[in-house]
Amino acid sequence: RGGGRKPWRQKGTGNARAGSNRSPIWTGGGVTFGPKPRNYSKNVNKKVRRLAMRRALAERVQAEELIVVEDFGFEKPSTKAAIAFLESVNAVDRPVIILGDDTNTDYNAAETALKSFRNVANALVIDASNVNAYDMLSGKKVIITKAALEQIGQRISAEA
């Protein structure tokens, strides 16, 4: 890549001093004050994250935009059934967050719900263990199963 040795000696050549052919003023040289990769991420304390999630959930309840269901009840993956379900809860044309529990031992039920809703416009399917305050507030309606609500309740409780 170059830049390992001096291109010519320091004195006596009539040329300017040069220490490397990778100097920014040389052709093929480096970039003056080039970009330096930095990490701009911020750490948020667990207590603050828990409080934000609690307030986001309370905001959804207060705005009457939280719908709790026993389960979605899909026998097999069907987008048509998912749209019919959303129409029954009056949430078909609005951004909606669907929260399912991932602790359910019936893997097939969670997978069926995911496959049913993933092709519906304005629907975002998230597991209860991965949801955060931003996700809760980003949709107009939040549809959540009872098991997922209990799981979030355990996650955001004060003693956790």
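**Exercise 1. Find which residues Phe117 touches, leaving out residues up to four places away in sequence, and place Phe117 in its core.**

Solution. Start at Phe117 and list its contacts: Phe72, Phe74, Ala82, Phe85, Leu86, Ile98, Ala123 and Val125, with residues up to four places away in sequence not counted. Keep in mind as you work that this is a predicted model.

Next, look at the core. The largest nonpolar core holds 16 residues, and Phe117 is among those with the most contacts inside it, together with Phe72, Phe85 and Ile143. Then ask who supplies this core: S1, H2, S2 and helix H3 (107-117) each give at least two residues. The largest share, 3 residues, comes from H2. Finally, there is a second, separate core of 15 residues, which includes Met53, Ala56, Ile97 and Ile156.

**Exercise 2. Work out the strand order of the open sheet and say which strands stand at its edges.**

Solution. Step one is the order: the open sheet has 4 strands, arranged S1-S4-S2-S3 with parallel pairing. Step two is the edges. Strand S1 (66-69) and strand S3 (123-127) each have a single partner strand, so one side of each has no neighbour in the sheet. Step three is the twist, which averages 20° from one strand to the next.

Now zoom in on one pair. S2 and strand S4 (residues 141-145) run parallel and are joined by 4 bridges. A handy landmark here is Val96, which stands opposite Lys141 in S4. To finish, add the helix that lies across the sheet: helix H5 (residues 146-156) lies across S1, S2 and S4, and runs at about 95° to S4.

**Exercise 3. Describe how H1 and H5 pack against each other.**

Solution. Two packed helices are described by the angle between their axes and the distance between the axes. Take both values for this pair: the axes of H1 and H5 come within 9 Å and cross at roughly 140°. An angle counts as roughly antiparallel over 145 degrees, and H1 and H5 are therefore oblique to each other.

Now see which side chains are involved. From H1 come Arg50, Met53, Arg54 and Leu57, and they meet Leu149, Ile152, Arg155 and Ile156 in H5. Sorted by class, the contact of H1 with H5 has 5 nonpolar, no polar and 3 charged residues.

**Exercise 4. Locate Leu137 and decide whether Leu137 is buried, partly exposed or exposed.**

Solution. First the place: Leu137 belongs to helix H4 (residues 133-138). Then the accessibility: the relative value is 43%, and partly exposed covers the range between 20% and 50%, so Leu137 counts as partly exposed. Its contacts, again without residues up to four places away in sequence, are Ala56, Glu59 and Arg60. For a sense of distance, the C-alpha atoms of Leu137 and Arg54 are 11 Å apart, although their positions lie 83 residues apart along the chain.

**Exercise 5. Find where Phe33 and Asn90 sit, and say what stands out about their phi angles.**

Solution. Begin with the background: most residues other than glycine have a negative phi. Phe33 is not a glycine, yet has a positive phi of about 50°. Phe33 lies in the segment before helix H1 (46-62), and is exposed, with a relative accessible area of 81%.

Asn90 is not a glycine either, and its phi is positive, about 60°. You will find Asn90 in the loop between helix H2 (79-88) and strand S2 (96-100). Asn90 is exposed too, because its relative accessible area is 59% and exposed means over 50%.

How values were computed: Residues numbered from 1 in each chain as written. Predicted model: local features only at pLDDT ≥ 70, side-chain atom pairs only at ≥ 80, totals over all residues. Heavy atoms only, no water. Buried < 20%, exposed > 50% of the residue type's maximum accessible area, 1.4 Å probe, protein only. Contact = heavy atoms within 4.5 Å. Pairing = 2+ DSSP bridges. Axes fitted to C-alpha atoms, helices over the stretch in contact; angles between N-to-C directions. Parallel < 35°, antiparallel > 145°, perpendicular 65-115°, else oblique. Nonpolar A, V, L, I, M, F, W, Y, C, P; charged D, E, K, R; others polar. Core = buried A, V, L, I, M, F, W, Y, C linked by side-chain atoms within 4.5 Å.
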